[in-house]
Structure formats: structure tokens, C-alpha cells
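Me: I've got a protein model open and I'd like to walk through it bit by bit. Can you help me make sense of what I'm looking at?

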Amino acid sequence: MTKHAAVWIDHNEAKVFHVDGEGFDPIKIKPHHHIERPTVTAEHAHPAESLHFFQEVEKALVDVEEILIVGPGSAKLELIKHVHKHNHALEPRIVGVETVDHPTDGQLVAHVHSYFHAKDRMRGTVP
């Protein structure tokens with residue numbers, strides 16, 4: 001089981017980063033629809049499609065102990081609502097939610113390493 005992962009998500013894409021190792025190779029997940037109007041969220045535009053999109057994200061997180069969800073808009077909150085409603089086993093493993101714009105993959109991984117290192121230090125599990 002992987003200890004830490006992060007999900008960067010918006011309405012056009014999700015990237016799942018397993019960050020315990022030295023390198024990183026994000027899993028990229030795209031919804032099967034494209035939202036033309038930014039005021040319409042994925043959750044309300046195509047409920048069946050957003051369900052599939054969020055389920056694909058969940059599959060990428062099945063073996064993760066702690067998850068940080070980040071992104072620029074409301075998709076991260078829609079993912080959390082979906083998990084709350086459909087995947088009770090995954091819900092307690094979500095340990096943080098942050099608004100993050102569009103960092104490079106390297107910047108995001110560095111932020112996630114820092115986030116989990118600080119969290120582990122507070123718990124006393126790392127020096």
C-alpha cells in the first residue's frame with residue numbers, strides 16, 4: 001500500500017501522484033465530456049460522465065493510506081462530495097484539501113512532499 005498520494009483535479013483533467021518514491025509519474029484521467037460553459041460544473045453538466053470520471057480517480061487511489069486533494073476550482077469539492085456519497089472506505093483517507101492553481105508536476109510533488117512531511121512530523125512519525 002502506498003502511504004501518500006495527491007490528486008490535482010479540475011473539470012478537464014485529474015492527475016494522481018503517488019509520492020512516496022524518489023520519482024513520480026502521474027496517472028492522468030480525463031472526463032469523457034467537455035464542459036463548454038465554465039459556470040456549469042462537472043457534477044451538474046453530465047451526471048453519468050462525472051460519476052465515471054470520479055470513479056476512475058477513486059480507482060487510482062485504492063491502495064493509498066493518505067490523500068491530499070488539490071486544484072484550482074470546485075472539482076476538488078465535487079470529488080469529495082462524490083466520495084462521501086459513494087465510497088465510504090476512501091473518505092477517511094482524505095487528509096487535506098487545498099486550492100492550488102496550475103503548478104508544474106515537479107512543483108506539485110515538492111509541495112506534496114512538504115505537506116506530508118510536516119504532517120508526519122506533527123504526529124512524531126519522522127524526525
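Me: How many helices and strands does the protein chain have?
Reply: Keep in mind that this is a predicted model. Going along the sequence, the elements follow the pattern β-β-β-α-α-β-α-β-α. That comes to 4 helices and 5 strands.

Me: In what order do the strands sit in the sheet?
Reply: The sheet is an open one with 5 strands and mixed pairing. Strands pair through backbone hydrogen bonds, either parallel or antiparallel. On average, neighbouring strands here are turned by 20° against each other, direction ignored. The order is β3-β2-β1-β4-β5.

Me: Which strands stand at the edges?
Reply: Look for strands with a single partner strand, so that one side is left without a neighbour in the sheet. That fits residues 27-29 and residues 94-99. The edge strands are β3 and β5.

Me: Which residue in β3 does Val-16 stand opposite?
Reply: Start with strand β2, residues 14-18. It is joined to β3 by 3 bridges, and the two run antiparallel. Across from Val-16 stands Ile-27.

Me: What angle does the direction of helix α3 make with that of β5?
Reply: Helix α3 covers residues 75-86 and packs on the sheet. It touches β1, β4 and β5. Its direction makes an angle with that of β5 of about 155°.

Me: And which strands does helix α4 touch?
Reply: Helix α4, residues 105-123, packs on the sheet too. Its direction makes about 130° with that of β4. The strands it touches are β1, β2, β4 and β5.

Me: Which element gives the most residues to the largest nonpolar core?
Reply: In soluble globular proteins, nonpolar side chains tend to be buried together. The largest core here has 19 residues, and Val-7, Ile-9, Val-57, Leu-61, Ile-67 and Leu-79 touch the most other members. Two or more residues come from each of β1, β2, α2, β4 and α3. The top giver, with 4 residues, is α2.

Me: How many residues are in the second core?
Reply: This core is separate from the largest one. Its members include Ala-6, Val-109, Val-112 and Phe-116. Its size is 12 residues.

Me: Are the rings of Tyr-115 and Phe-116 stacked or edge-to-face?
Reply: A search of the whole structure turns up 2 aromatic pairs. In the one made by Tyr-115 and Phe-116, the ring centres are 5.2 Å apart and the planes are at 90°. Planes over 60 degrees apart count as edge-to-face. So this pair is edge-to-face.

Me: Is Phe-24 buried, partly exposed or exposed?
Reply: Phe-24 is found in the loop between β2 and β3. Its relative accessible area is 36%. Buried means under 20% and exposed means over 50%. So Phe-24 is partly exposed.

Me: How far apart in space are Phe-24 and Gly-106, C-alpha to C-alpha?
Reply: In sequence, they're 82 residues apart. Yet Phe-24 is in contact with Gly-106, and also with Phe-17, Asp-105 and Val-109. C-alpha to C-alpha, the distance is 8.6 Å.

Me: What share of the residues of the protein chain count as buried?
Reply: The chain has 127 residues, and its accessible surface comes to about 7100 Å². Carbon and sulfur atoms hold 54% of that surface. Among residues, the share that count as buried is 42%.

Definitions and conventions
Residues are numbered from 1 along each chain as its sequence is written. This is a predicted model: local features need pLDDT of at least 70, side-chain atom pairs count only at pLDDT 80 or more; totals for chains, interfaces and linings use all residues. Side-chain values use heavy atoms; hydrogens and water are left out. Rings of Phe, Tyr and Trp (its six-membered ring) pair if their centres lie within 6.5 Å; planes under 30 degrees apart count as stacked, over 60 as edge-to-face and the rest as tilted. Two strands pair if DSSP finds at least two bridges between them. Axes are lines fitted to C-alpha atoms, for helices over the stretch in contact, and angles run from 0 to 180 degrees between N-to-C directions. Contact means heavy atoms within 4.5 Å. A nonpolar core is a set of buried Ala, Val, Leu, Ile, Met, Phe, Trp, Tyr and Cys residues joined through side-chain atoms within 4.5 Å. Buried means under 20% relative accessible area, exposed over 50%, partly exposed in between (1.4 Å probe, protein chains only). Accessible areas come from the Shrake-Rupley method with a 1.4 Å probe; for residues, only the protein chains shown count as cover. Lists of a residue's contacts leave out its neighbours within four places in sequence.
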